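Welcome! Take a moment to look over the sequence and the 3D view, and then let us walk through them together.

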Amino acid sequence: MRYIKYFLFSFGLLALTACSEDSDDNNPEPGTSLPGPISGTSVNLQCSFATTGAPHQVGAEALFSFGSTGSLGIDFNPAANDGNEVSVSSSTLVGNEYIWEDANGGYKYALSLSTDDSLNEVNVFDLQDNFLNQWTPIPDGPANLNLIKALAGTYTVNSVNGGTHSRGTFSIGTDGSIDFDDGIAFSPSDYALVTDRLSVLDAIFVDMNPWPDEPYPRIELFVDPNDQSQLIQVVYRANYPNSGSVEINF
């Protein structure tokens, strides 16, 4: 009988230990620091999903700051320079997500990371865990930006038509930025629309903000029909679709 009692006691202790371990796996880990690639960074994110009644609509942008101590700050209007609308001092690790609960604001923010610990998305829930919004990284530039990047380099201007070109060189940066002449330069953040016309016109049209409101600046890049890796001409239209342009050839 003594051996039976010992066996039952040992089995019960083992079961209790196993249950305790399972419980630890499911319990959140409070005050968890963030992985190195995201810790201490600030990232511009864009609202990519919104349910009915969500606090933010698709297309909204905000600055998310992930502190080196695990804090979260969100500035929904960085241009106003009036500080963060959300500030939570620490996160809780639940499964593979870092959760910040803003009890005063009434929302939870769940950060998920990619396999390399870079930011994947931030999901927003109310305090009852109803899914409301999703925030994702803003793309580096508009669609077809890679077509501009493929033409990166500095070009010597051989001829000018329809206006003047003071510097005599034209350049495209590796990030797709365009430097037409002294005082006339654009970065991908200025690009509202990049249109691929390579198959019909051997050209790439770059329409700047405030497109589609008119007028707006436009850059037209023309390539060699026999070798589309070679840029041969650029046309700058300061007030498209109004008349007036400067054409440079290489």
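Here is a short tour, from the whole protein to one sheet and one residue.

This is a predicted model, in which local features need pLDDT of at least 70, side-chain atom pairs count only at pLDDT 80 or more, and totals for chains, interfaces and linings use all residues. Residues are numbered from 1 along each chain as its sequence is written, and side-chain values use heavy atoms, with hydrogens and water left out.

The protein has 3 helices and 20 strands, taken as DSSP runs (helices H or I, at least four residues; strands E, at least two) numbered from the N terminus. Of its 250 residues, 34% are buried (under 20% relative accessible area, 1.4 Å probe, protein chains only).

One open sheet has 6 strands in the order β12-β20-β19-β18-β17-β16, with antiparallel pairing; strands pair if DSSP finds at least two bridges between them. Its edge strands, β12 and β16, each pair on one side only. Three of the sheet's strands are listed here:

| Strand | Residues |
|---|---|
| β12 | 159-161 |
| β16 | 191-197 |
| β20 | 246-249 |

β12 is joined to β20 by 3 bridges, and Val 160 has Ile 248 as its bridge partner in β20.

Strand β18 holds Glu 220. Is Glu 220 buried or exposed? Glu 220 is buried, because its relative accessible area is 5%. Beyond its neighbours within four places in sequence, Glu 220 is in contact with residues including Ile 204, Phe 205 and Arg 237 (heavy atoms within 4.5 Å).

Notes:
Buried means under 20% relative accessible area, exposed over 50%, partly exposed in between (1.4 Å probe, protein chains only).
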